[in-house]
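Please open the model in a viewer and keep the sequence panel visible. The tour below proceeds from one selection to the next.

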Amino acid sequence: MYQFSYAEIMEDGVADSKDRERQVLDRSIALLEAAREQKGYSREAIEAIYFTRRVWIRFIEDLRTPDNQLNEELRANLISIAIWILNETEKIRKRESSNFQGIIDITTIIRDGLK
């Protein structure tokens, strides 16, 4: 039988979680890029906004839980970034902005920081 230490299992769990988070952010970036290319409020924009909002709302929910293991300052910073992204997507939804690139840039930085 295989025997793994708890630390090995936990390390794999964290690595798997980070990989899933990177994949979700990759998807969000791809949708945002497609929306940016369409120019204007298109079907691609609606899909990108909807997906991106769901991702960042879920991240906020996770960051607010007491058992989240990130330090408090980092969690607060990530929540602030999430709120900015949610505000930007709302401006795009209301057709007050087309700042897809700003959201792409910030999301890319966050994704690249998941190592």
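Begin by selecting Trp56 and Phe59 in this predicted model. Trp56 is buried, as is Phe59. Both residues belong to helix α2, which spans residues 43–64. They are 3 residues apart, about one turn of the helix.

Next, display the rings of these two side chains. A pair of aromatic rings is described by the distance of the centres and the angle of the planes. The structure holds 1 aromatic pair, and Trp56 and Phe59 form it in an edge-to-face arrangement. Their ring centres are 5.1 Å apart, with 90 degrees between the planes.

Keep Trp56 selected and extend the view to the nonpolar core. Which residues have the most contacts inside the largest nonpolar core? They are Leu25, Leu32, Val55, Trp56 and Phe100, in a core of 24 residues. The elements giving two or more residues to this core are α1, α2, α3 and α4, the last covering residues 100–113. Helix α2 gives the most, with 9 residues.

Now centre on Phe100. Leaving aside neighbours within four places in sequence, Phe100 is in contact with Leu32, Ala35, Arg36, Ala45 and Ile92.

From that list, select Arg36 and add Glu37. The side chains of Arg36 and Glu37 meet in a salt bridge, at 2.8 Å from N to O. Are these two residues exposed or partly exposed? Glu37 is exposed, because its relative accessible area is 51% and the exposed class begins over 50%. Arg36 counts as partly exposed, at 27% relative accessibility.

The salt bridges come to a count of 10. For another of them, move to helix α1, residues 6–38, and select Asp19 and Arg22. These residues are 3 residues apart, about one turn of the helix. Their side chains meet in a salt bridge, with 3.9 Å between N and O. Asp19 counts as partly exposed at 33% relative accessibility, and Arg22 counts as partly exposed at 25%.

Then select Arg27 and Glu47, whose side chains meet in a salt bridge at 3.4 Å, N to O. Arg27 lies in helix α1 and Glu47 in helix α2, so this pair ties together parts that are 20 residues apart in sequence. Arg27 is partly exposed, with a relative accessible area of 41%. Glu47 also counts as partly exposed, at 32% relative accessibility.

Add Arg43 and Glu44 to this selection. Salt bridges that share partners join Arg27, Arg43, Glu44 and Glu47 into one network.

For the final stop, go to helix α3, residues 72–93, and select Glu88. Is Glu88 buried or exposed? Glu88 counts as buried, because its relative accessibility is 8% and the buried class lies under 20%. Which side chain makes a polar contact with the side chain of Glu88? The partner is Asn99, at 3.1 Å. To complete the view, show Ser97 and Ile103 as well. Not counting residues up to four places away in sequence, Glu88 touches Ser97, Asn99 and Ile103.

Methods
Residues numbered from 1 in each chain as written. Predicted model: local features only at pLDDT ≥ 70, side-chain atom pairs only at ≥ 80, totals over all residues. Heavy atoms only, no water. Phe/Tyr/Trp six-rings, centres within 6.5 Å; stacked < 30°, edge-to-face > 60°. Helix = DSSP H or I, 4+ residues; strand = E, 2+ residues; numbered from the N terminus. Buried < 20%, exposed > 50% of the residue type's maximum accessible area, 1.4 Å probe, protein only. Polar contact = N/O pair within 3.5 Å; in protein donor to acceptor, adjacent residues only side chain to side chain. Contact = heavy atoms within 4.5 Å. Salt bridge = Lys/Arg side-chain N within 4 Å of Asp/Glu carboxyl O. Core = buried A, V, L, I, M, F, W, Y, C linked by side-chain atoms within 4.5 Å.
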